[in-house]
Amino acid sequence: MSFGDPEVLVAGEAPEPVAGPGQVVVEVSVAGITFVETQIRRGVDRWHARPELPYVPGGTVAGRVASLGKDVDPAWSGRRVLAGTGESGGFAERAVAAVGDLIPVPEELGLSEAVALYTDGGTALGLVEGARIRPGEWVLVEAAGGGVGSLLVQLARTAGAGVVAVARGARKLELARDLGAEVAIDYSDPGWTDRVREATGGAGPDVVFDGVGGEIGRAAFEVTADGGRFSVHGASSGQVTAIDPARARRRGVEVIGIEQLFGFGPRMEKWTRQVMSEAVAGRIRPVIGQTFPLERAADAHAAIESRTALGKTLLLI
């Protein structure tokens, strides 16, 4: 057992899980995957403690409650739920979760859609609230073809903003346009920031959602409108965007750093319920680009890391 490339993920047998006091066992139908989890697998993530080997990845599942631990309300039995399993344990046929980490899934919503909205939807809603988007503003969304990015495009449009979506590749750009982006630009093209300025009337976007970091993030900061907001939520490039505070002050740009995510935890349940309601009402839709069976978890991780995946990648058990 070791950390490393996707191939270190191998199928295996584990003891049947048993719910302790205040816990349930969920019969897993769908397991979610985040980009951060691929970096934990590599052993290079800086934001989470490295798990002890061997470990079962996966922090989000959906399914029916199969059994209850002591002091758990019997009403949970058989219910369709989203469940947070902590940092691990979700890539399994059955997983243990605390009752406090369960969210009932509306009958009108599929379990796959619920998982796609749980982490990414809650995060996107929190980012939009923090950026305080106003009607008529221009919003730039990086990695607009991904799980969080595709939802940011829709939420920004719902807030009355014009959206410039940036991503790599024709498929992702087409998806962003389909979701409501007025302009879609490939940020692997030279001069892409010039096209952003042109699309926004020369001033640049009022709000930037930076989920890529590195050179892309730095370039996006430079094109942000003076007096705008630059919101950091990810570093899929491997490097969080570092902004000179003095330069940001001179331009009047408010930098909302990646540390904003640390305060999201207590509000994730509320935000998740909210985005599920929006999906049921048809105002937003989670994009599930690809699914894999449990035994192909390594392929699912590889798809995410290759940057070819559209929207959310899920495991179906």
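A residue counts here as buried when its relative accessible area is under 20%, as exposed when it is over 50%, and as partly exposed in between. Please keep in mind that the close-ups below show a predicted model.

**View A. Arg-132 has a positive phi in the loop after α2.** Let us start with the backbone. Arg-132 belongs to the loop that links α2 (111-131) to β6 (138-141). Its phi is near 55 degrees, a positive value in a residue that is not a glycine. As background, most residues other than glycine have a negative phi. Is Arg-132 buried, exposed or partly exposed? Its relative accessible area is 40%, which lies between the 20% and 50% cut-offs, so Arg-132 is partly exposed.

**View B. Ala-143 also has a positive phi, on the other side of β6.** The loop that holds Ala-143 runs between β6 and α3 (147-158). Ala-143 is not a glycine, yet its phi is positive at about 50 degrees. With a relative accessibility of 25%, Ala-143 is over the 20% limit for buried residues and therefore counts as partly exposed.

**View C. The peptide bond between Leu-53 and Pro-54 is cis.** For this bond, omega is about -5 degrees. Most peptide bonds, by contrast, are trans. Where along the chain should you look for Pro-54? Pro-54 sits in the loop between α1 (35-42) and β2 (60-68).

**View D. Six strands form an open sheet with parallel pairing.** Read across the sheet, the strand order is β8-β7-β6-β9-β10-β11. Which strands are at the edges? They are β8 (183-186) and β11 (254-256), each of which pairs on one side only. On average, and with direction ignored, neighbouring strands of this sheet are turned by 15 degrees against each other. In general, strands of a sheet pair through backbone hydrogen bonds. At the β11 edge, strand β10 (residues 229-232) runs parallel to β11 and is joined to it by three bridges. One pair to pick out here is Ser-231 with its bridge partner in β11, Ile-256.

**View E. Helices α5 and α6 lie across strands of the six-stranded sheet.** Helix α5 lies across β6, β7 (162-167) and β8, and runs at about 170 degrees to β8. Helix α6 lies across β6, β9 (207-210), β10 and β11, and its angle to β10 is about 165 degrees. Strand β6 thus appears in both lists.

**View F. Helices α5 and α6 cross in a right-handed sense.** Helix α5 spans residues 192-199 and helix α6 spans residues 214-223. Their axes come within 10 Å and cross at roughly 30 degrees. Which residues meet at this crossing? From α5 come Trp-192, Thr-193, Val-196 and Arg-197, and from α6 come Ile-216, Ala-219, Ala-220, Glu-222 and Val-223. Sorted by class, this contact has six nonpolar residues, one polar residue and two charged residues.

**View G. Strand β13 pairs with β1 and with β12.** Strand β13 (residues 312-316) is mostly covered, as four of its five residues are buried. Its pairing with strand β1 (residues 23-32) is antiparallel, over three bridges. Its pairing with strand β12 (residues 288-293) is parallel, over five bridges. Leu-314 is a handy landmark: Gly-32 stands opposite Leu-314, and Leu-314 is also the bridge partner of Thr-291. Another bridge to look for joins Gln-290 to Thr-313 in β13. With helix α9 (residues 297-305) between them, β12 and β13 make a right-handed β-α-β unit.

**View H. Leu-294 lies in the loop between β12 and α9.** What does Leu-294 contact, leaving aside neighbours within four places in sequence? The residues are Phe-91, Ala-92, Glu-93, Leu-315, Leu-316 and Ile-317. Is Leu-294 buried or partly exposed? Its relative accessibility is 23%, over the 20% limit, so Leu-294 counts as partly exposed. For a sense of scale, the C-alpha atoms of Leu-294 and Gly-211 are separated by 27 Å, and these two residues are 83 residues apart along the chain.

Methods. Residues are numbered from 1 along each chain as its sequence is written. This is a predicted model: local features need pLDDT of at least 70, side-chain atom pairs count only at pLDDT 80 or more; totals for chains, interfaces and linings use all residues. Side-chain values use heavy atoms; hydrogens and water are left out. Axes are lines fitted to C-alpha atoms, for helices over the stretch in contact, and angles run from 0 to 180 degrees between N-to-C directions. Helices (H or I, at least four residues) and strands (E, at least two) are DSSP runs, numbered from the N terminus. A crossing is left-handed if the near helix is turned anticlockwise from the far one by less than a right angle, and right-handed if clockwise. Contact means heavy atoms within 4.5 Å. Ala, Val, Leu, Ile, Met, Phe, Trp, Tyr, Cys and Pro count as nonpolar, Asp, Glu, Lys and Arg as charged, and the others, Gly among them, as polar. Buried means under 20% relative accessible area, exposed over 50%, partly exposed in between (1.4 Å probe, protein chains only). Two strands pair if DSSP finds at least two bridges between them. A crossover is right-handed if, with the strands pointing away from the viewer, the path from the first strand over the helix to the second runs clockwise.
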